[in-house]
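Student: I have a structure open here and would like to go through some of its parts. Can we take it piece by piece?

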Amino acid sequence: MKTDLQHYMQVGIVHFMAYPQTIGGEGPIVETVNKIITDDFFSAIEITRINDSEQRKQVAQMLESGRITTGFGAQPILLGNKADLNSFDEEKRRFAIDLIKGAIDQAHELNAGKLGLLSGPKPDQNEEKAVALLIDSLKEICQYARAKGNLSISLETFDDATDKKCLVGPNRLAVEVAKEVRKTDANFGLMLDLSHLPMQRETSRDALYTARDYINHAHIGNCYIKNPTDPAYGDVHPRFGYPGSENDVDELVEYLKILLEIGYIGEGSENVVAFEVKPVGIESSDIVVAQSKRTLRKAWSKL
């Protein structure tokens, strides 16, 4: 594709994955957010909790003045607290819902337009009950989000057997959940991640066509699943082309091709396609980010 890719999508990046020292709401948040906002390759950013209220205000001002589309990732909050939106234990499920409500409050402070989350673990039995509980949790969360402003909720699909072992899980099941939640919130949608597809045992074509009517966010990245002893094993989001990994230029070309086919991206589209990449070992965050940009440019040139 010779046309500028920026005319077909908003290119974003998951800040707290590219700079993992910030994932807990501490660390060099202002400095690293500033790096992304001042790089005009990016027109979107996803951030997570910022524990210090003054720092949140500072970042909110930076995001506003930078005119950058902002999303809020609540996934680290749920995972860090081992919180489960489909727990059979009502107290534990309520704890997870309350965590997301707190995340929505922060997302509102940061003027985010979308909040991403994930289901809890896949249970050993009574999966149908777990799905019903997840739907109930999501409906309550969506209601709270609407009361706070114009914030969309996006359920990200994950592996159900390799690493996170989430209930959702297969994109076919994600669509069933989305159908039910959309009965009460038309803005609810699904987030699909190229990084997760090999662990979900799904191709880009199968996954994206299955979820096409419900996708409201897309991630691009990589995974490594050959050797459990490798530091990049599982849902770690190593750089594209990490030795022995699943995704590089060709896989990204296919993913982008299908996004074009289903109309998620296209000329004039403002839908977000965001890198979710993380340095492994002593790798530099800045170098991994730069490599990701080069990979996207190369993939786009092959379309």
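Student: What is F275 in contact with, leaving aside its neighbours within four places in sequence?

Tutor: This is a predicted model, so everything here is read from predicted coordinates. F275 contacts V11, G12, I13 and V14, then F41 and F42, and further along I220, F240, S292, K293 and L296.

Student: Which strand does F275 lie in?

Tutor: F275 is part of strand β8.

Student: Buried or exposed?

Tutor: F275 is buried: its relative accessible area is 0%, and the cut-off for buried is under 20%. F275 is also among the residues with the most contacts inside the largest nonpolar core, along with L115, L117 and L259. That core has 92 residues.

Student: Which element gives the largest share of this core?

Tutor: Helix α6 does, with eight residues.

Student: Back to F275. How far apart in space are F275 and D193?

Tutor: They are 9.2 Å apart, C-alpha to C-alpha, with their positions 82 residues apart in sequence.

Student: OK, the sheet. What do the eight strands form?

Tutor: They form a closed barrel, in the order β1-β2-β3-β4-β5-β6-β7-β8, with parallel pairing. Neighbouring strands of this sheet are turned by 30 degrees against each other on average, direction ignored.

Student: And which helices pack on the sheet? Start with α10: what does it touch?

Tutor: Helix α10, residues 249–261, touches β6, β7 and β8. The direction of α10 makes about 165 degrees with that of β7.

Student: What about α11, which strands does it touch?

Tutor: Helix α11 covers residues 285–301 and packs on the sheet against β1, β7 and β8. Its direction makes about 135 degrees with that of β8.

Student: Let's zoom in on β1. How many bridges join β1 to β8?

Tutor: Four, and the two strands run parallel. V11 has V273 as its bridge partner in β8.

Student: How many bridges join β1 to β2?

Tutor: Three, again with the strands running parallel. In β2, E46 is the bridge partner of V14.

Student: Which residues of β1 are buried on each side?

Tutor: Q10, G12 and V14 are buried on one side, and V11 and I13 on the other, so to speak of an open face would be wrong: both faces are covered. Put as a count, five of the five residues in β1 are buried. The split follows a general pattern: in a regular strand the side chains alternate between the two faces of the sheet.

Student: What about β5 and β6, how many bridges do they pair over?

Tutor: Three bridges, in the parallel sense. L155 is paired with L190 of β6.

Student: Changing topic: helix α5. Why does its length agree with what a helix should span?

Tutor: Helix α5 has 20 residues, 90–109, and at 1.5 Å a residue it should span 28 Å. The end C-alpha atoms are 29 Å apart, which agrees.

Student: What caps its N-terminal end?

Tutor: D89 does: one of its side-chain oxygens lies 2.9 Å from the backbone nitrogen of E91. After the helix comes N111, with a positive phi near 60 degrees.

Student: And which residues in α5 are buried?

Tutor: R93, A96, I97, L99, I100, K101, A103, I104, Q106 and A107. The buried residues of α5 pack against three helices and three strands by name: α3, α4 and α6, and β3, β4 and β5.

Student: Next one, S269. Where is S269 found?

Tutor: S269 sits in the loop between α10 and β8.

Student: Why does S269 count as buried?

Tutor: Its relative accessibility is 17%, and the cut-off is under 20%.

Student: What does the side chain of S269 reach?

Tutor: The backbone nitrogen of N271, at 3.1 Å. Not counting residues up to four places away in sequence, S269 touches H7, Y8, M9, Q10 and Y264.

Student: Last one: L173. Which helix does L173 lie in?

Tutor: Helix α7, which runs over residues 171–181. L173 is buried, with a relative accessible area of 11%.

Student: What is L173 in contact with, leaving aside its neighbours within four places in sequence?

Tutor: E127, V131, L167 and V168. As for A211, it is 38 residues from L173 in sequence and 9.6 Å from L173 in space, C-alpha to C-alpha.

Definitions and conventions:
Residues numbered from 1 in each chain as written. Predicted model: local features only at pLDDT ≥ 70, side-chain atom pairs only at ≥ 80, totals over all residues. Heavy atoms only, no water. Buried < 20%, exposed > 50% of the residue type's maximum accessible area, 1.4 Å probe, protein only. Contact = heavy atoms within 4.5 Å. Expected span 1.5 Å × (residues − 1). Polar contact = N/O pair within 3.5 Å; in protein donor to acceptor, adjacent residues only side chain to side chain. Pairing = 2+ DSSP bridges. Axes fitted to C-alpha atoms, helices over the stretch in contact; angles between N-to-C directions. Core = buried A, V, L, I, M, F, W, Y, C linked by side-chain atoms within 4.5 Å.
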